[in-house]
Amino acid sequence: MRPYQPIGHTRQADKILGSAVGPVGSFNLLPRITGLADLLDLRLSSVNKMSGCAAHVILLCWSLLVCFGVTRTCFICCQCGDVSPDDPLVFVNETLVINCTLTSPNDDSNSSTLYFIHEHTPVNQSYHEVVDNGTLTFRKVAELTDAGNYYCHRRDISGVMGLVGGQQLEVDYEPQEVTELQCIWYNWKDGLKCSWELPAYNMRNIEVQLQWYNGVTGQCPNMSVDMTSCTFDPSGVSLDTSEWYFKVNVTNTRRKVSAIGPYITKIPAENAKPNKVDRFGYKYTNDSSCVQLTWIYDVFISRSRKKQFRVRYWSSALQHEELVHDDGDGGLMVCDLDPDTLYTYTVDVRAVKSPFYSDPFTISVKTDQDVPLTAPVLRKGAYHRTSVSCLLDQNGYHDVTIYWKKIQRKQARGDIVRYTVKFSEAKTANENEINVTAYHTEVYFPGTSLSGILRLKCNATYVITLQAATEKGLSKTWSYLRIPFFTRQGTSPSTVRVEEAGGDYKVTWAGSQAVGLTGYTVYYCQRKNKTHCKRELVSVDVDKLDEGQTTLVVQDKEAEYLFGVSSDFGQFGSGFDLVSCVYHKNAVPPPPSGIVVSSQDPARAMVTWNHVTCSENAPIIVSYTIRWYKVNEELNKDEKPYKGQNTSIPANQSALFLMNDVQSDGMYCVQICSSSSVQPGPFSDTVYVTLAKKDIKIVVKKFSNLNPSIPGSSERFPGRCIKFAEDLNYINFIYKL
């Protein structure tokens, strides 16, 4: 084992002390005190109790002994043998051999009492080989994971005195020939870079050289730090030659082993990477589906250097397309594009024989607009009338609002700037043919509109056409709508009701028996106010004539909506009446208002009320429950009223009920509650009626609460049928004639 040398690092100390001590000059020693204590067979508890200064002093002393020792024997070992060879370096797949030899073997201490440790783990004994009585060899085929510190120990002596010695093993790849490299000539003559790949060498032992020949011989002028590439500057060597030859030499400096690769031929014309094009632009043409792309290339590059330009383009709806244009600096026409669509274009260039394209030049261009490809959709029942004027004068005029759908962006082919509506009077010759009998009228609406109001005669049928226009002109097609003349009976569905539940809407209507009816169309839109939409009108077809209902699932459940239902009759629709009032299914039903109890004879009373409507934020009412009690004059304060009666009235009947079998000269209290399909609501406040004796006029009075001004009354009983005897006597007195 070689003696320790006075050097600034501790390879020897790490090897012998098991990496217990760091670099001497760094004083970074405290983190390794535990490993040192183990080797010195000290108690950890004693070391841990040392102050920082004391620990530094002890470690510094040991470091000085190690650094300035002159013996070839391990200072803190058993001094009974040697481990060799010194710091071996082996290549992967070579056989590594480490020998541990005792100086004076005997019966108690010989090769059979020795063993190896790799870092902190005993090695597999299958790799132990007894050479003779005093030598044990560790032998195996080397792998990268075998690198590290190896120690030889004696089994018959414990602790640090059983350590014979150690060595640090390094495992690396054997140098290999470089047979492939990539060389790129930038813009043919502005620069050169050659690169190659190396195995995962330990680079501190590796030296790489690149030799070249292009008429003269040279070596790499600018090697990269990782020794895998070399760059050439045109100021140092002529790059614009026809052929180059390269050879890469790799040497392991510790083992003095080299791998010299073969000469590799590279032709600049086949490995050139041009600069990117200059001033990439575009021009519109007379065809909105085409764009003329233009660019200019480096004027200092001779046209004799053959080039190929590549144009790639795409949009949000189109995958990459690629066009190739051989040479030429003018540009390229790209066609079959969608008008008014944003495309991204890139252009790059390569030498005809080279695989290396230049860096791309990228621009984004929107194609030119065109006239709309289609007209807006007009549904046959998508209109509603303001009919009051026609009810007053059927020969007069009324306003009709028509609705259309927004053209999809791809079909619009530009920004819609206006809508043109033409309408004419027509007479129905038969169900399938309309003869125009008057010149048409033309009106315009802004491009942001999705509806328009027309002033039409009440007693005339109209043919309406609609076109959309961009700045390039009107659409080539038009949509069509027929509006029949106004009739008092009308053909639109009646009793349209809308009930909300969970953000969705159930629309119901009374079915029609009209001749020619083919179905219904339900319309809805987000409301701007009670008569106007702020979003596009949405339609849902209902083909079943006997259904009379549909459920609408809306996207924005927080918005408010308008609704309508049109009857469909083949060529035309009836139009719809706007419904802005919505019932709420899960709301608590309010009691009805306007409850009145009257009497026409002493033995009967009539109860009437107002139906609950959607304006009261209510659900659809299915029934009303009426209950009434006779108030007994004999009651005192502590007693309850007599058991009363109740009945239920369907909500689709008249809001009227006759109380029969009532006693003359009696007072009755009446209450009504509403019920939906989900739940009943609270009862109304109490309404009182006093029936007179026969031949005595009956006067009706409503009490929502007991009047504190009545003598003897000092308590309020809203909604309860309770009276005190003194109150009853007073009431009977003032209402008898």
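**Exercise 1. Find how accessible isoleucine 296 is, then place this residue in its strand and its surface patch.**

*Solution.* Start with the accessibility: isoleucine 296 has a relative accessible area of 32%, so it counts as partly exposed, a class that runs between the 20% and 50% cut-offs. Keep in mind that this is a predicted model. Next, look at the secondary structure: isoleucine 296 belongs to strand β21, which covers residues 291-296. Finally, turn to the surface, where Ile296, Val299 and Phe300 make a nonpolar patch of about 350 Å².

**Exercise 2. Classify the ring pair of phenylalanine 116 and phenylalanine 138, and work out which parts of the chain the pair ties together.**

*Solution.* A search of the whole structure gives 32 aromatic pairs. In the pair of phenylalanine 116 and phenylalanine 138, the centres are 6.0 Å apart and the planes make an angle of 45°. The distance is within the 6.5 Å limit, and an angle that is neither under 30 nor over 60 degrees counts as tilted; the pair is indeed tilted. Now map the rings onto strands: phenylalanine 116 sits in β4 (residues 114-118) and phenylalanine 138 in β7 (residues 135-141), so the pair ties together parts 22 residues apart in sequence. As a last step, check burial: phenylalanine 116 is buried at 1% relative accessible area, and phenylalanine 138 is buried at 2%.

**Exercise 3. Which side chains of strand β32 point to the buried face, and how does β32 pair with strand β28?**

*Solution.* Recall the general pattern first: side chains in a regular strand alternate between the two faces of the sheet. Then go along β32 (residues 451-457): Gly452, Leu454 and Leu456 point to one face and are buried. Ser451, Ile453, Arg455 and Lys457 point to the other face and are not buried. For the pairing, β28 (residues 397-403) joins β32 in the antiparallel sense over 7 bridges. Within this pairing, valine 400 has leucine 454 as its bridge partner.

**Exercise 4. Give the strand order of the open sheet that contains β8 and β9, and name its edges.**

*Solution.* Write out the order: 5 strands run β2-β9-β8-β4-β5, with mixed pairing. The edges are β2 (89-91) and β5 (121-122); each has a single partner strand, so one side of each is left without a neighbour in the sheet. Zoom in on one pairing: β8 (residues 148-154) and β9 (residues 163-172) are antiparallel over 6 bridges. There, tyrosine 150 has glutamine 167 of β9 as its bridge partner.

Conventions. Residues numbered from 1 in each chain as written. Predicted model: local features only at pLDDT ≥ 70, side-chain atom pairs only at ≥ 80, totals over all residues. Heavy atoms only, no water. Helix = DSSP H or I, 4+ residues; strand = E, 2+ residues; numbered from the N terminus. Buried < 20%, exposed > 50% of the residue type's maximum accessible area, 1.4 Å probe, protein only. Pairing = 2+ DSSP bridges. Patch = residues over 30% accessible without salt bridge, like charges linked within 9 Å, V, L, I, M, F, W, Y side chains within 5 Å. Areas by Shrake-Rupley, 256 points an atom, 1.4 Å probe, with all protein chains shown as cover. Salt bridge = Lys/Arg side-chain N within 4 Å of Asp/Glu carboxyl O.
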